[in-house]
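Take a look at the model below. We will walk through it step by step, from one helix to the contacts between side chains.

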Amino acid sequence: MAELLSHVLIAYVLFTVASWRLEWLTKRWVAIGMIGALLPDLNRIGMFVDDATIETTLGVPFGIDALHTLGGVILLSGIGALVLTEAHKRGFGVLLAGALTHLLTDGLKAYADAEAGAWLYPFTWYRHPTPNLYVSADQGVVLVTGLLAIAIFLVDYRLTATPSATDP
């Protein structure tokens with residue numbers, strides 16, 4: 001759970017900082033970007049439901065682990081964009097950007113064989129070497145991202161707070 005929260009906080013930080021320069025990137029879009037950061041971890045459904053059950057339900061071959069790849073998040077972002085009532089293209093882009101923050105952050109994780117997962121699938125099966133910056137179970141990661149998110153929240157609050165009528 002610490003890694004999932006870290007992904008959401010990283011997306012919050014990146015989208016909030018970007019919203020300082022992009023007027024259209026409102027709090028609503030920041031929240032949608034944070035949802036996008038959750039999309040790759042939908043493959044965790046595989047802990048409760050096996051691939052055969054999903055294949056039977058959908059009627060097509062399906063591998064749940066494919067959701068944690070570039071192709072999977074493109075598909076999920078497209079589905080998510082259809083849920084929005086307006087701005088489907090922007091919704092797709094923001095969801096995809098949030099999911100990419102997740103995949104890129106996972107590309108820095110420590111793996112036993114020192115290579116990242118095949119997150120670029122279906123474009124390539126290449127597994128790039130990782131810098132092994134963190135272990136997904138490391139609680140320090142969520143602490144650092146939490147402190148960074150609090151700092152960005154405070155700066156954002158200060159920048160976007162409207163002065164009251166009693167302020168000089």
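What span should the 19 residues of helix 5 have, at 1.5 Å a residue? Helix 5 covers residues 88–106, and the expected span is 27 Å. The C-alpha atoms at its ends are 27 Å apart, which agrees. Many positions in helix 5 can be checked for burial. Among the buried residues are G91, V94, L95, L96 and G98. A99, T101, H102, L103, T105 and D106 in helix 5 are buried too.

Keep in mind that this is a predicted model. The mean pLDDT of the protein chain is 89. Of its residues, 95% reach 70 or more. Among the elements, helix 2 (residues 27–36) has the highest mean pLDDT, at 96. Helix 3 (residues 51–58) has the lowest, at 89.

Now turn to charged side chains. Side chains of opposite charge can pair when their charged atoms come close. The structure holds 8 salt bridges. One of them joins E3 and K109, with N and O 3.2 Å apart. E3 lies in helix 1 (residues 2–19), while K109 sits in the loop between helix 5 and helix 6, so this pair ties together parts that are 106 residues apart in sequence. Are the two partners buried or exposed? E3 is buried, because its relative accessible area is 11%, and buried means under 20%. K109 also has 11% relative accessibility and counts as buried.

A second salt bridge joins K27 and D156. Their closest N and O atoms are 2.2 Å apart. K27 is in helix 2 and D156 is in helix 6, so the pair links distant parts of the chain, 129 residues apart. Here the partners have opposite settings. K27 counts as exposed, at 52% relative accessibility. D156 is buried, with a relative accessible area of 4%.

A third salt bridge is formed by R44 and D41, with closest N and O atoms 3.6 Å apart. R44 counts as partly exposed, at 35% relative accessibility. D41 counts as buried, at 10%. Which residues are linked in a network of salt bridges? They are E3, D41, R44, D106 and K109. You have met D106 already: it is one of the buried residues of helix 5.

Next, look at the aromatic rings. The structure holds 2 aromatic pairs. The rings of Y121 and W125 have their centres 4.6 Å apart. Their planes lie at 50°, so the pair is tilted. Y121 counts as partly exposed, at 31% relative accessibility. W125 counts as exposed, at 63%.

The rings of F153 and Y157 have their centres 6.4 Å apart. Their planes lie at 25°, so this pair is stacked; the cut-off for stacking is under 30 degrees. F153 and Y157 are 4 residues apart in helix 6, which means that about one helical turn separates them. An α-helix has 3.6 residues a turn, so residues three or four places apart point the same way.

Finally, stay with helix 6, which covers residues 139–160 and contains Y157. Y157 is exposed, with a relative accessible area of 54%. F153 counts as partly exposed, at 45%. Both belong to a nonpolar patch on the surface. The patch also includes L143, L147, I150 and L154. Together, the patch residues have about 660 Å² of accessible area.

Technical notes: Residues are numbered from 1 along each chain as its sequence is written. This is a predicted model: local features need pLDDT of at least 70, side-chain atom pairs count only at pLDDT 80 or more; totals for chains, interfaces and linings use all residues. Side-chain values use heavy atoms; hydrogens and water are left out. Patches are made of residues with over 30% relative accessible area and no salt bridge: like charges are joined within 9 Å, nonpolar side chains (Val, Leu, Ile, Met, Phe, Trp, Tyr) within 5 Å. Accessible areas come from the Shrake-Rupley method with a 1.4 Å probe; for residues, only the protein chains shown count as cover. A salt bridge is a side-chain nitrogen of Lys or Arg within 4 Å of a carboxyl oxygen of Asp or Glu. Helices (H or I, at least four residues) and strands (E, at least two) are DSSP runs, numbered from the N terminus. Buried means under 20% relative accessible area, exposed over 50%, partly exposed in between (1.4 Å probe, protein chains only). The expected span of a helix is 1.5 Å times one less than its number of residues. pLDDT is the predictor's confidence in each residue, from 0 to 100. Rings of Phe, Tyr and Trp (its six-membered ring) pair if their centres lie within 6.5 Å; planes under 30 degrees apart count as stacked, over 60 as edge-to-face and the rest as tilted.
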